Amino acid sequence: MAGLMAGFGHYTHAVVRGIPVSLAKEALRSSQTEVDLAKAVKEQEAYVEVLRTRLGLEVVELPADESLPDCVFVEDAAVVCGDTALITRPGAESRRGETEAMKGALKDLNLNIVEMTDENATLDGGDVLFTGREFFVGLSKRTNQRGAEILADAFKDYAVSTVPVLEGLHLKSFCSMGGPGLIVIGSSEPAQKALKIMQQMSDHRYDKLTVPDDLAANCIYMNLPSKGHVLLHCTAEEFPESAKVFEKLKDHMLIPTSNLEKVKVDGALTCCSVLINKKANI
């Protein structure tokens with residue numbers, strides 16, 4: 001099996017998208033909490049500012065599309081690993097139009113584009129956890145076995161294992177990578193069960209960082225040349241107990257990043273960007 005991907009966590013570019021006004025009323029959601037649109041826009045601006053200014057990534061900002069209320073959640077539209085970008089087929093039909101703009105942006109970055117055209121396949125990027133060594137794909141309301149098979153075909157260098165997601169929207173609704181070999185996981189029973197399955201299926205040993213709140217387990221890890229280990233994670237205002245747990249990561253630059261509004265429409269931190277490591281053209 002492949003070892004740890006060279007440069008795991010190293011990114012040069014991020015693709016993000018604006019928030020449409022339609023998000024507040026029309027975005028898909030599992031709860032009926034009211035979204036404060038102005039706050040959601042501010043939150044997204046702060047998120048993009050961290051990527052661009054604090055972390056120095058080249059940010060490609062796609063315009064919002066009013067006919068696609070969920071379009072800010074770009075992660076679901078593509079899975080990028082190395083030089084290959086898999087354009088997904090989102091599980092919710094209302095979101096399938098989101099992949100067009102994403103495909104254009106990734107083409108412009110000269111990535112090798114693979115499109116998921118099989119009408120029996122569904123895959124949301126939020127169900128895809130890349131550990132640097134292998135892929136875990138959540139089988140959820142939005143992602144099916146055929147979607148996972150096409151992903152395995154697109155990224156042949158890595159093993160791909162599937163994990164049932166019995167509660168929550170996506171696999172990454174309760175886990176993410178916190179560093180090379182470190183899985184951040186929520187403490188609920190479904191989250192812990194999923195972790196157990198991942199551990200059983202893998203030839204690798206992963207360390208785990210358990211946080212009390214499942215949603216707080218969704219964070220963004222990067223390893224940047226001038227910054228070292230970086231982690232964007234929930235704020236103490238959202239999840240005070242979980243925020244304390246991240247403070248144990250003494251080697252990381254910790255960046256609390258607010259997600260109070262977007263979480264109301266099931267958005268998490270990883271949902272709002274597609275991260276890319278583009279090799280310099282020599």
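This report describes the annotated binding-site residues of a predicted model and two of its helices.

**Annotated positions**

The UniProt record, an unreviewed entry, applies the annotation "binding site" to L28, D70, E75, D76, R95, R142 and V265. From this set, E75 belongs to the lining of the largest pocket. Two of the annotated positions, L28 and D76, are set out below.

| Residue | Location | Relative accessibility | Class |
|---|---|---|---|
| L28 | loop between α1 (23–26) and α2 (37–54) | 29% | partly exposed |
| D76 | loop between β2 (58–62) and β3 (78–81) | 2% | buried |

L28 counts as partly exposed because its relative accessibility of 29% lies between the 20% limit for buried residues and the 50% limit for exposed ones. D76, at 2%, is under that 20% limit and is therefore classed as buried.

When residues up to four places away in sequence are not counted, L28 touches D70, A92, S94, R95, R142, V265 and D266. Among these partners, D70, R95, R142 and V265 also carry the "binding site" annotation in the UniProt record.

With neighbours within four places in sequence likewise left aside, D76 is in contact with T88, P90, R95, L123, D124, G125, G126 and H170. With one of these residues, R95, the side chain of D76 forms a polar contact of 2.7 Å. R95 thus appears among the contacts of L28 and among those of D76.

**Helix α4**

Helix α4 spans residues 145–154, and its buried residues are G147, A148, I150, L151 and A154. These residues line one face of the helix, because they fall within an arc of 160° when α4 is seen down its axis. The elements covering them include β3, β4 (84–87), β5 (112–115), β6, β7 and β8.

**Helix α5**

Helix α5 comprises 13 residues, 189–201. From its first C-alpha to its last, α5 reaches 18 Å, close to the 18 Å expected at 1.5 Å a residue. Its buried residues are A191, A194, L195 and M198. They are on the same side of α5 because they cover an arc of only 100° around the axis. The face turned away from this buried side carries the exposed residues E189, K196 and Q200.

Cover for the buried residues of α5 includes β6 (128–130), β7 (134–139), β8 (159–164), β9 (175–179), β10 (182–186) and β11 (207–211). Strands β6, β7 and β8 are thus named in the cover of α4 and also in that of α5.

Conventions: Residues are numbered from 1 along each chain as its sequence is written. This is a predicted model: local features need pLDDT of at least 70, side-chain atom pairs count only at pLDDT 80 or more; totals for chains, interfaces and linings use all residues. Side-chain values use heavy atoms; hydrogens and water are left out. UniProt positions are given in the numbering used here, feature names are shortened, and annotations may be inferred rather than shown by experiment. On a 1 Å grid over the protein atoms alone, a cavity is a set of points where a 1.4 Å probe fits but cannot get out, and a pocket is an open set with protein on both sides within 12 Å along at least five of seven lines; lining residues have an atom within 4 Å of a point. Helices (H or I, at least four residues) and strands (E, at least two) are DSSP runs, numbered from the N terminus. Buried means under 20% relative accessible area, exposed over 50%, partly exposed in between (1.4 Å probe, protein chains only). Contact means heavy atoms within 4.5 Å. A polar contact is a pair of N or O atoms within 3.5 Å; within protein, one must be able to donate a hydrogen and the other to accept it, and residues adjacent in sequence count only if both atoms are side-chain atoms. The expected span of a helix is 1.5 Å times one less than its number of residues. The arc is that of the directions from the helix axis to the C-beta atoms.
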